[in-house]
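Trainee: I am new to this entry. Could we go through it step by step?

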Amino acid sequence: MNPLAFTKLSYGVYVVSTWADGGRPTGCTANSAMQVTAEPATIAVSINHDNFTNECIKNSGRFAINVLGEKSNPMIIGTFGFRSGRDTDKFTDKPEVKDFLPVVDGCIAHITCKVIDTMEAATHTVFLGEVTGAEILSDDTPMTYAYYHNVIKGKSPKTAPTYIKEG
């Protein structure tokens, strides 16, 4: 099996945000999000079991998908993708709140969801969320995972569903 074939699938780059213990905002970079149905609007996201965000979504029952664009600050990916919310406040300022969820400054759209089901895979939880709100903030082109790797020259953290061990 050639795992590089998976890089030919289309992925976006997102920050999935939610509330942590004590009402502080947290989130993680994700590349696995998709619309499942139109009526009712339903979205699925995949979050690694080891990510603090996974635990927080399970506890809060809600999440927001923040869509990054090609002009979004690449530091957003690093802040939310390579640090744990267990020890780091990833939101440097008090975040804007939409539909009771923290949203990330610098994204081009956000979609808020209420968890309606979950599926456990070997390393990830797939959260199925009924959309409770959605807003477009910019006409910037959505960042794809290919753009992130080929143009920004970004890497995947070990907790990403698309992580491929080098060597």
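Trainee: In what order do the elements of the protein run from the N terminus on?

Mentor: Keep in mind that this is a predicted model. The secondary structure comes to three helices and nine strands. Read from the N terminus on, these elements run β-β-β-β-α-β-α-β-β-β-β-α.

Trainee: Which strands form the open sheet, and in what order?

Mentor: The open sheet is made of seven strands, and their pairing is antiparallel. From one strand to the next, the twist averages 35°. The order is E2-E1-E5-E8-E9-E4-E3.

Trainee: Which are the edge strands?

Mentor: An edge strand pairs on one side only. In this sheet that holds for strand E2 (25-30) and strand E3 (33-38).

Trainee: How many bridges join E3 to strand E4?

Mentor: Strand E4 covers residues 41-48, and E3 and E4 run antiparallel. In this pairing, Met34 stands opposite Ala44 in E4. The number of bridges joining E3 to E4 is five.

Trainee: What angle does the direction of helix H1 make with that of E1?

Mentor: Helix H1 (residues 52-60) packs on the sheet. The strands touched by H1 are E1 (14-19), E2, E4, E5 (62-67), E8 (109-120) and E9 (124-136). The angle between the directions of H1 and E1 is about 50°.

Trainee: What percentage of the residues in the protein is buried?

Mentor: Buried here means under 20% relative accessible area. The protein has 167 residues, and it exposes about 9,300 Å², of which carbon and sulfur atoms supply 54%. The buried residues make up 41%.

Methods:
Residues are numbered from 1 along each chain as its sequence is written. This is a predicted model: local features need pLDDT of at least 70, side-chain atom pairs count only at pLDDT 80 or more; totals for chains, interfaces and linings use all residues. Side-chain values use heavy atoms; hydrogens and water are left out. Two strands pair if DSSP finds at least two bridges between them. Helices (H or I, at least four residues) and strands (E, at least two) are DSSP runs, numbered from the N terminus. Axes are lines fitted to C-alpha atoms, for helices over the stretch in contact, and angles run from 0 to 180 degrees between N-to-C directions. Contact means heavy atoms within 4.5 Å. Buried means under 20% relative accessible area, exposed over 50%, partly exposed in between (1.4 Å probe, protein chains only). Accessible areas come from the Shrake-Rupley method with a 1.4 Å probe; for residues, only the protein chains shown count as cover.
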